[in-house]
Amino acid sequence: MVSSLIDHETKWWKPNVVKALFLPFEADTILKIPLSQNLSDDALIWIGNKKGVFTVKSAYFIAAKLQVDKDVGESSSGDLSALIWRNLWKLKLPAKIKIFSGRVCVNGLPVYMKMMERGIQLGWDCPVCGDEPESLIHALISCDFALSVWSLWQDCPLHLLLKATDLIDVVHIFCSSPNAEHLEYFFAISWTIWHNRNLLVHNEKGLSPLQVWDLARNVMNDFHEANTVLWPMEHASNGGWVALLAGYFKVNVDGASPLDDHRVSGVGAIVRDDSGNIVAALSKALPSHYPVEWTELLAME
Ligand SMILES: [Zn+2]
């Protein structure tokens, strides 16, 4: 408790206690913090928003800002990284495609060149065309099959895709588009191209470019239709707690990533019925440490 560090008679810090509990530079900083003469009770306050109340969204923005500050210190790509993560968070796509999008942005798809770098010998050649080593940009963009799919999208800036040498440059092109739907199209089409690639890897029958394009459109349309249903929760919600209508369930999820990169991230979920009774709950450790944005997406999965 902070109050145990304060002398209630002098209404000032107890220097010996502070110096005994904290590192010297921390103690110096603490002892310079002025104290209220009212000595009000301790309270937990979240500095991420004006109300002082913790929300996942505010934690996400703080984490994104910390990442930007770190990136700016290391290179000039900070703004770019923040722009991409902000846009990923807002995508109106199924959770599985959002997770896929996060993996694309951190170069986390198991393309053959990536597997080779990790010492897993699966061959180099693209399993779709067999003509080129399978890099991330080849698999999703420059493979002849992928280009046939992209060319079916009328708004696709194909000339820009052909010039790109790194997939993150392509993501940036779509993040900068004035039409927010373009980024959703980009990831939905990329996901279906990857889905088709995986069918072939598992010796299943592949799809035609037209079927891949149709699948992407159907995935987007189904998601938009499902989300235009007027859910009872949205009716009365003004940001406060609203009881569920009879027969509905509420699912809350959360993901956590420790600051220490050596510890694994974790996710949790809880399902409650309209009376608030817990119907199901889950908490599990993930196989590795992931960025906070990615962990939140995995929690939704
Ligand atoms: Zn190919």
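What percentage of the 301 residues of the protein chain count as buried? In this predicted model, the share of residues that count as buried is 22%. The chain is built with 14 helices and five strands, and of the contacts between residues at least 6 apart in sequence, 49% join residues that are at least 24 apart.

Burial can be followed within a single element in helix α10, which spans residues 167-175 and in which L167, V170, V171 and F174 are buried. These residues lie on the same side of α10, because they cover an arc of only 100° around the axis.

The packing of two helices is illustrated by α5 (residues 95-105) and α11 (residues 181-201), whose axes are 10 Å apart and meet at an angle of about 85°, so that α5 is roughly perpendicular to α11. On the side of α5, the contact is made by I97, F100, S101 and V104, while α11 contributes F187, A188, S190, W191 and W194. Sorted by character, the residues of this contact comprise seven nonpolar and two polar ones, with no charged residue.

A further buried position is found in helix α12 (residues 209-227), where A216 lies. A216 counts as buried because it has 25 C-beta neighbours inside 10 Å, the cut-off being 20 or more. When residues up to four places away in sequence are not counted, A216 touches A188, I189 and T192; of these, A188 also takes part in the contact of α11 with α5. In addition, A216 and F186 are 30 residues apart in sequence, with a C-alpha to C-alpha distance of 9.4 Å in space.

Definitions and conventions: Residues are numbered from 1 along each chain as its sequence is written. This is a predicted model: local features need pLDDT of at least 70, side-chain atom pairs count only at pLDDT 80 or more; totals for chains, interfaces and linings use all residues. Helices (H or I, at least four residues) and strands (E, at least two) are DSSP runs, numbered from the N terminus. A residue is buried if 20 or more other C-beta atoms lie within 10 Å of its own, exposed if 12 or fewer, and partly exposed in between; C-beta atoms are placed from the backbone. Two residues are in contact if their C-beta atoms, placed from the backbone, lie within 7 Å. The arc is that of the directions from the helix axis to the C-beta atoms. Axes are lines fitted to C-alpha atoms, for helices over the stretch in contact, and angles run from 0 to 180 degrees between N-to-C directions. Angles under 35 degrees count as roughly parallel, over 145 as roughly antiparallel, 65 to 115 as roughly perpendicular and the rest as oblique. Ala, Val, Leu, Ile, Met, Phe, Trp, Tyr, Cys and Pro count as nonpolar, Asp, Glu, Lys and Arg as charged, and the others, Gly among them, as polar.
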